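Morning, everyone. Let me put the model up, and then we'll go through the ligand site and a few salt bridges.

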Amino acid sequence: MSLMIEGGRRLSGDLTVQGAKNSVLPILAACILSGDVCVLQRCPHLEDVDTSIDILRHLGCAVRWNGPDLEVDSSTLTRWDIPDRLMRRMRSSVVFLGAILARCGQAELSYPGGCAIGARPIDLHLSALRTLGACIREEGGSLNCTAPGLTGAEIVLSIPSVGATENAMLAAIGAKGVTTISNAAREPEIVDLQAFLQKLGASVHGAGTSTVVVEGAEQPLHGCCHRILGDRIAAATYLCGAASAGGEVFLRDAREEHLSAVTAVLREAGCDVQSGAESIRLRRDGPLQGVRPVRTAPYPGFPTDAQAPLMAALTRGKGCTVFVENIFESRYRHVDELSRMGADIRVEGRVAVVYGVPRLHGAQVRATDLRGGAALCAAALAAEGQSVIAEIHHIERGYEHLDESLRQLGANITRS
Ligand code: EPZ
């Protein structure tokens, strides 16, 4: 499948931002802990959500859509293995490990492996689970895990890994006693996971800070109803699209406090950004300016997932911008594709220097990964003429109806 974009049109309109991919994925795994029915309101329709649903159904859970809500009944769970074909579809399936261990006392899954943006190791996940008492054998690409009795412990993460923090939180609920996770990731999606777990009846506190404390569940947990947090990266992507094309957009279900590092850079580049409690308005009239170096970092630093969309916006304008990608080792795969549109970008290892050009032109390009593909859309909105973006399955892993959303904002875009 491809997206065809006739660029050069200013954007104008308003949009309600989808539920957050990086919040709903760990919450779908956490449903296993309830042994009951959980209703996830405003669950986004994404490839990665479909993969998680297939995993839950493989484990024996009943899962069904009810309009915009997803209902997960994990009372019928019978299995504890995730087959390779499902692990390979979504490497972040590893977040199921902690939940399955806590519920079943054992788990079998294959090594998730790397992806387009990097090696994506899971050593921190495994060492956190081993600290809780799990016995994990890695053999021939498989992980055979047994945890006859998990025990609360002090876990110290050497990197504030989002996934490792989530896996440790979920496994710790099945452990006897108290677990403290230090140097925990502080992303808003971790806070949303904590809110969900508290609704199940679990005792989890501190999410959003570097120290999360989990008391092992002494009573069985129960189901709940939870509205998924708005997707701050999708919001950042639409803001960058509007910055790129020019015009004015109004986003609902977008909290500036969750993407302030991005809005600060967009303001510095010359955009007018105004925000309400749950909304953000961006207007861009004059040319964008280059900004001070953009260094990606764990939250609340500049999010690595917004690096490519922002880069796309800054390819056209005055001055130059230095990007330093500190989180993943291969996150500039969109650069060659942007260059086909006339962008002037030099990459040296983790550093990319973007020299603003007066104009971009439409081109045939292909999405290389999720956020890189979204960046190509943002650039195509500004490019003169038609762009065709191929391999959009990458984009559909994380953006719900991207073409419809951009059309709602005034873009001339068709999916074919
Ligand atoms: C989550 O990935 C997100 N994915 C990513 O979003 C996001 O880019 C990333 O966090 C950073 O914010 C989901 O939430 C599903 P990490 P995750 O563990 O958990 C290293 C997107 O586009 N590391 O915080 O895999 C790792 O290599 C995706 O939506 C280890 O060395 O990221 C990286 O350099 C992409 N060992 C750094 O830590 C480990 O055991 C941060 O990774 C784990 C991670």
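So, when I say a residue is near the ligand, I mean that one of its heavy atoms lies within 4 Å of it. By that count 23 residues surround the ligand, and the closest are Asp 123, Leu 124, Ser 161, Asp 305 and Ile 327. Quick caveats: this is a predicted model, where local features need pLDDT of at least 70, side-chain atom pairs count only at pLDDT 80 or more, and totals for chains, interfaces and linings use all residues. Numbering runs from 1 along each chain as its sequence is written, and side-chain values use heavy atoms, with hydrogens and water left out.

Now the polar contacts, meaning pairs of N or O atoms within 3.5 Å. Leu 124 has a polar backbone atom 2.7 Å from a ligand oxygen, and for Pro 121, again through the backbone, the distance is 3.3 Å. Lys 21 uses a polar side-chain atom, 2.9 Å from an oxygen of the ligand.

On to salt bridges: a side-chain nitrogen of Lys or Arg within 4 Å of a carboxyl oxygen of Asp or Glu. The structure has 23 of them. Which residue does Arg 331 pair with? That's Asp 305, at 2.7 Å, N to O. Asp 305 is also among the residues closest to the ligand. Arg 331 is buried (under 20% relative accessible area, 1.4 Å probe, protein chains only), at 7%, and Asp 305 is buried too, at 15%.

Last one: Arg 10, Glu 248, Arg 281, Arg 283 and Asp 285 are joined in one network by salt bridges that share partners.

Definitions and conventions:
A polar contact is a pair of N or O atoms within 3.5 Å; within protein, one must be able to donate a hydrogen and the other to accept it, and residues adjacent in sequence count only if both atoms are side-chain atoms. Buried means under 20% relative accessible area, exposed over 50%, partly exposed in between (1.4 Å probe, protein chains only).
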